[in-house]
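Welcome to this short tour. Open your viewer, get ready to select residues, and follow along stop by stop.

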Amino acid sequence: MAALAASIYRGISYKGAEGQWAWILHRASGLGIVLFLYMHIVSIFVAAIGPGPYEWVHKTLYTSPPAKVLEVFLLFGVLYHAFNGMRIIIIDFFPALGRYQRTIVRIELVLVVLVLVPAAIITLRGMF
Amino acid sequence: MATSSSRPVQGKIRYGAPNHESKIWLFMRLSGLVMFVTVVFHLLYMHMAVGVENITFDNIDERWSGPAGVFWRLFDASLLFIGMAHGMNGVRFSINDYVHNRILNFLLTALVYGLGLFLIFLGSLAIILGAGGLGRLFTSLTG
């Protein structure tokens, strides 16, 4: 755990700019998605038991107002992880593009926002 | 001390046979490419086209037992298997980065893989038996 604390401290003081923050967000979103998947698989497993238990679990976990806000975080996490993963693959297979990696991170963030904003509006529409 | 034969030739990198970790590196890229299509489709389809409020028991049953049931079951199985394999491996990377105590590292990795395999089992059971399938199996067994 000391390694984790030191890693967080060095991460903040390192000033690695776009590439470093892209890496931190990739890791954080990945771990967040795994935690969501644990819940998601269990809730779909309940559908194998029967309609009553499933609809109770679904209503409780996914349709309350706090759950709708967390859903936007999920949308961001999955979209960011997907687009950033594509950036990693592209730079891995075309290393010459590494020269433009800061620009590529910025283009990627624009693409994420372009998909995320309409998706978030549709998700939160019912709340207002 | 590196011998001259293991040094990179000027202007060229000498590659050995792919080892275990380099195969995992390739798996993370290939599974990522596949999921860029399948997971983004699943997310946007279920959240935008269907809507989370409309995902009821009947909605799941229609997809799994309807005319395209085989497609949806295979699609959901691919999300379950590829997603969990990619995710568990990502957690293993994080554990290796931060937990340097070998015993704690082993225990945490075993916990993550054990939990992951158990959830893959639960998810597979749901996909194979279908919506309400476990309930039907239970009532038929208990009479």
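Begin in chain A by selecting A22(A), L25(A), H26(A), S29(A), G30(A), G32(A), I33(A) and F36(A) in α2(A), which meet L74(A), G77(A), V78(A), Y80(A), H81(A) and N84(A) in α4(A). Here, a contact means that C-beta atoms, placed from the backbone, lie within 7 Å, and helices are DSSP runs of H or I with at least four residues, numbered from the N terminus. This contact has seven nonpolar, seven polar and no charged residues. In that sorting, Ala, Val, Leu, Ile, Met, Phe, Trp, Tyr, Cys and Pro are nonpolar, Asp, Glu, Lys and Arg are charged, and the others, Gly among them, are polar.

Before moving on, a word on what you are looking at. This is a predicted model, where local features need pLDDT of at least 70 and side-chain atom pairs count only at pLDDT 80 or more, while totals for chains, interfaces and linings use all residues. Residues are numbered from 1 along each chain as its sequence is written, and chains are lettered from A and ligands numbered from 1 in the order in which they are written.

Stay with the helix pair. The axes of α2(A) and α4(A) come within 9 Å and cross at roughly 125°; axes are lines fitted to C-alpha atoms over the stretch in contact, with angles from 0 to 180 degrees between N-to-C directions. That makes α2(A) oblique to α4(A), oblique being what remains outside under 35 degrees (roughly parallel), over 145 (roughly antiparallel) and 65 to 115 (roughly perpendicular).

Now select α1(A). Its 13 residues reach 18 Å from first C-alpha to last, close to the 18 Å expected at 1.5 Å a residue, the expected span being 1.5 Å times one less than the number of residues. Buried or exposed? α1(A) is hardly covered, with zero buried residues; a residue is buried with 20 or more other C-beta atoms within 10 Å of its own, exposed with 12 or fewer, and partly exposed in between. Just after α1(A), find K15(A), whose phi is positive, near 55°.

Next, show both chains: 35 residues of chain A are in contact with 35 residues of chain B. The largest share of chain A's side, twelve residues, comes from α2(A).

Finish in chain B. The axes of α1(B) (residues 20–50) and α3(B) (residues 69–98) come within 10 Å and cross at roughly 135°. Last, pick R63(B) in helix α2 (residues 57–65) of chain B; R63(B) counts as partly exposed, with 18 C-beta neighbours inside 10 Å.

How values were computed:
Two residues are in contact if their C-beta atoms, placed from the backbone, lie within 7 Å. Helices (H or I, at least four residues) and strands (E, at least two) are DSSP runs, numbered from the N terminus.
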